[in-house]
Amino acid sequence: MSTRIAFLKGHGTENDFVIVPDPENAIDLSPAAVAALCDRRAGLGGDGVLHVVRSAAHSEAKALAAEAEWFMDYRNGDGSIAEMCGNGVRVFARYLLHAGHVTEGDLAVATRGGVKKVHIDKDGDVTVGMGRARLPEGDVTVSVGERSWPARNVNMGNPHAVAFVDDLAQAGDLLSPPPFGPASAYPDGVNVEFVVDRGPRHVAMRVHERGSGETRSCGTGACAVAVATARRDGADPAITGTPATYTVDVPGGTLVITERPDGEIEMTGPAVIVAEGEIDAKWLEYMAR
Ligand SMILES: N[C@@H](CCC[C@H](N)C(=O)O)C(=O)O
């Protein structure tokens, strides 16, 4: 009899994930296995995988086990590893509630970007403390085809290049082939956001994610956009002493981002579980061969 592997499907503003509960870290999730799960035609389909592991059972999270029982072992759709996924951590928390591992309210989740504090609301929204943004100096340019734009370099634990454009369509129908930031600035690749103004402290963006292609939302990307827009607008909470809140529309919904005077950034938005099921371990083994 073949072994079954449980999975769930979830999304945060349509940034969608295959969730693989694996408390004791017993499943071999090779990059090829992740890519097979995320394949939208031959697999389940997703922008990435949320591998749900007890911190104590994972070499990268053991040291965080006293602070956070669960580790989000996040993988991009192509199987690569990323430091952080903002929508992922909100969907991860929604899964923990769904599975009865936690109750509504506050919890901590271990990630490669450190321990994140999460709040699960009764109304369905999930808020995550994303930490502080770093804004490395240096000129960055992003290009799509023949067009190029200057961009702001923002690090949210993972790298982002934020470009302000006149019209989101300027970046093309589909952000592929990938927009390009100078290789020297991003030796490990970069996520690229294109941004337009919608109103006071209100913007809209499209994103091309490293390791996943164009997605319908990116949480770390929305935070990078909020910070880049605030600085462009001359709003720096560390100087003004007042929080700056931006509404960021993404193709898959809306995220609300607040940067506080101490630099800490909070992101709020929906996180949904849409399905659950099982796959045959032999199928995964075959696809990952
Ligand atoms: N969609 C995510 C970001 C996932 C990681 C990114 N593709 C990277 O490689 O840095 C989010 O919601 O933040």
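**Two buried cysteines and a ligand shell between two domains**

A good place to begin is N15, which has 33 other C-beta atoms within 10 Å and is therefore buried. Here a residue is called buried if 20 or more other C-beta atoms lie within 10 Å of its own, exposed if 12 or fewer do, and partly exposed in between, with C-beta atoms placed from the backbone. The model is a predicted one, in which local features need pLDDT of at least 70 and side-chain atom pairs count only at pLDDT 80 or more, while totals for chains, interfaces and linings use all residues. Residue numbers start from 1 along each chain, as its sequence is written.

N15 belongs to strand β2 (residues 15-21); helices (H or I, at least four residues) and strands (E, at least two) are DSSP runs numbered from the N terminus. Two residues are in contact if their C-beta atoms, placed from the backbone, lie within 7 Å. Neighbours within four places in sequence aside, N15 is in contact with D47, N87, T215, R216, S217, C218 and G252.

One of these partners, C218, leads to the annotated positions. An unreviewed UniProt entry places the feature "active site" at C85 and C218. These positions span 134 residues in sequence, yet no two of their C-alpha atoms are more than 7.7 Å apart, so they gather at one spot. UniProt positions follow the numbering used here, feature names are shortened, and annotations may be inferred rather than shown by experiment.

What surrounds each of the two cysteines? C85 sits in the loop between β4 (70-76) and α2, and it counts as buried because it has 30 C-beta neighbours inside 10 Å. Beyond four places in sequence, C85 is in contact with G48, Y74, G219 and T220. C218 is found in the loop between β13 (213-215) and α3; with 36 C-beta neighbours inside 10 Å, C218 is buried as well. Outside the same sequence window of four places, the contacts of C218 are N15, N87, N191, V207 and E209.

The unreviewed UniProt entry also lists a "binding site" at N15, N76, G86, N87, N158, N191, E209, R210, G219 and T220. Among these, E209 lies in strand β12 (residues 202-209). E209 is buried, having 29 other C-beta atoms within 10 Å, and its contacts beyond four places in sequence are D47, N191, T215 and C218.

Attention now turns to the ligand. Of the 16 residues around it, A82, N87, N158, G219 and T220 come nearest, where a residue is near a molecule if its C-beta atom, placed from the backbone, lies within 6 Å of it. Helices α2 (86-98) and α3 (219-232) each supply at least two residues of this shell, and α2 gives the most, with 3 residues. By class, the shell has 3 nonpolar, 11 polar and 2 charged residues. In this scheme Ala, Val, Leu, Ile, Met, Phe, Trp, Tyr, Cys and Pro count as nonpolar, Asp, Glu, Lys and Arg as charged, and the others, Gly among them, as polar.

How is the protein chain divided? It falls into domain 1 (4-131 + 272-287) and domain 2 (140-263), with bounds from an automatic or database domain assignment. The ligand shell draws at least three residues from each domain. The domain centres, taken over C-alpha atoms, are separated by 24 Å. Across the boundary, 20 residues of domain 1 are in contact with 18 residues of domain 2. On the domain 1 side, α2 and β7 (125-131) are the elements that give two or more residues. Here α2 gives the most, with 3 residues, and this side has 4 nonpolar, 11 polar and 5 charged residues.

The interior completes the picture. A nonpolar core is a set of buried Ala, Val, Leu, Ile, Met, Phe, Trp, Tyr and Cys residues joined through C-beta atoms within 7 Å. The largest one has 78 residues, of which F92, A222, C223, V225 and V248 touch the most other members. Helix α3 gives the most to this core, with 8 residues, and the core takes at least three residues from each of the two domains. F92 is in contact with L50, V52, M72 and V109, leaving aside neighbours within four places in sequence. Helix α1 (residues 31-38) is mostly covered, as 6 of its 8 residues are buried: A33, V34, A35, A36, L37 and C38. These buried residues pack against β2, β3 (48-54), β4 and α5 (281-287).
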